[in-house]
Amino acid sequence: MNTLAQPRASDYDILSFDCYGTLVDWESAITTTLQSILLSHDAHWNDTVLLEHFARLEPAEQEQGGSYRDVLRRVLKEFGTRLGFVPTESQLVQFEECIARATPFSDTVDALKTLSESFQLAIISNTDDDLFALTAPNLAVAFDYVITAEQVGEYKPSLAVFERALKEFSYSKSRVLHVAQSRFHDIAPASTLKIATAWIDRTGGQPGATASSEAEPQWTFQSLTELVDAVHDS
C-alpha cells in the first residue's frame, strides 16, 4: 500500500471500476477455458504463456474494432493459428462468454455493497452490453452508471471511453476515483485525464492478462477490502 495519505471518502462522490480483472477473476476464466479448448485439440501451453499471448492479442484485436464478442473470437482463432488447430463454433461461443461468466473475487461483493452506502458506483469496461448483463447479477449491487466499449465504439486505453463516462457522471472528474487492476487499460488513461486512481494489484505486480505499463496510480491496494478500510479510516 502506498505511504501517501489514504483517499478520503469526503473527497469523492463516484467510485468507477474496471470490471474484468478488478471485480471478477478473468484470468482464471481465460486459462481454464483455453486449457479445455486446447486439450480437445491436443495442444499444450502453460497458463503463464497463455496469459502472455492473450495480453498481446487482445489489445491488437481491439484496435481492429468490432464487438467484444468479435474480439474474443478473433483472439481464439489466433491461438488456433499459432497452435495448429481450428476452434469449433461451440468453442468460439464458449470463449466469447467465459470472461463475462467469470467468478467475482472473494472480496468483491462485500466491498461493493459497503461502498454503495457512501458513493455512487460506476462500471467502465471493455465489453459489450449483453456480456456485462451476464456478469451484473453476480456483482449483487445496482450500478449508477455502466459505460461499455460497445456504447463508445472504442476500447480502453482510449481516452474516449473515460471522456464518455465523465459526460454521463453527475459530478465533476475531481469527485471521481477510478479503481482498476490494469495499469495499461485504466490507470494510464485515467491519469492522463487527471482522474484520481487506485490500483488493485491482483497479480502481485505481474502483468498477467494485460499489457504492461509504467503508469503510476495515486494509491495501490492488494484487495478491495484494503480500499474499503482505507476509505473508512480516512
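Ala, Val, Leu, Ile, Met, Phe, Trp, Tyr, Cys and Pro count here as nonpolar, Asp, Glu, Lys and Arg as charged, and the others, Gly among them, as polar. On that basis, the lining of the largest cavity divides into 3 nonpolar, 6 polar and 4 charged residues.

The structure is a predicted model, in which local features need pLDDT of at least 70 and side-chain atom pairs count only at pLDDT 80 or more, while totals for chains, interfaces and linings use all residues. Residues are numbered from 1 along each chain as its sequence is written, and side-chain values use heavy atoms, with hydrogens and water left out.

**Cavities**

A cavity is a set of points, on a 1 Å grid over the protein atoms alone, where a 1.4 Å probe fits but cannot get out; lining residues have an atom within 4 Å of a point. Grid points are joined across faces, edges and corners, and a volume is the space filled by probe spheres set on the points. The count by this rule is 3 cavities of 30 Å³ or more. The largest cavity has a volume of about 110 Å³. It is lined by 13 residues, of which D18, Y20, W26, N126 and H185 are the closest to its centre.

**Two buried residues**

Helices (H or I, at least four residues) and strands (E, at least two) are DSSP runs, numbered from the N terminus. Buried means under 20% relative accessible area, exposed over 50%, and partly exposed in between (1.4 Å probe, protein chains only). Contact means heavy atoms within 4.5 Å.

E27 belongs to helix α1 (residues 26-40). It is buried yet has no salt bridge, and R202, the nearest side chain of opposite charge, is 10 Å away. For this purpose Lys and Arg count as positive and Asp and Glu as negative, with His and the chain ends not counted; a salt bridge is a side-chain nitrogen of Lys or Arg within 4 Å of a carboxyl oxygen of Asp or Glu. Leaving out residues up to four places away in sequence, E27 touches L51, T203, P207, G208 and A209.

A190 lies in helix α9 (residues 183-192) and is buried, with a relative accessible area of 0%. With the same sequence neighbours left out, A190 touches F162, H178, I195 and T197.

**Backbone features**

Most residues other than glycine have a negative phi, and most peptide bonds are trans. Two residues with positive phi are listed below.

| Residue | Phi | Location | Relative accessible area |
|---|---|---|---|
| A140 | near 65° | loop between α6 (129-139) and β3 (145-148) | 42%, partly exposed |
| K194 | about 65° | loop between α9 and β5 (196-200) | 66%, exposed |

A cis peptide bond joins K156 and P157, with omega about 20°. P157 is placed in the loop between α7 (149-152) and α8 (159-168).

How values were computed:
1 Å grid on protein atoms, 1.4 Å probe; cavity = no way out; pocket = protein on both sides within 12 Å on 5 of 7 lines; lining within 4 Å.
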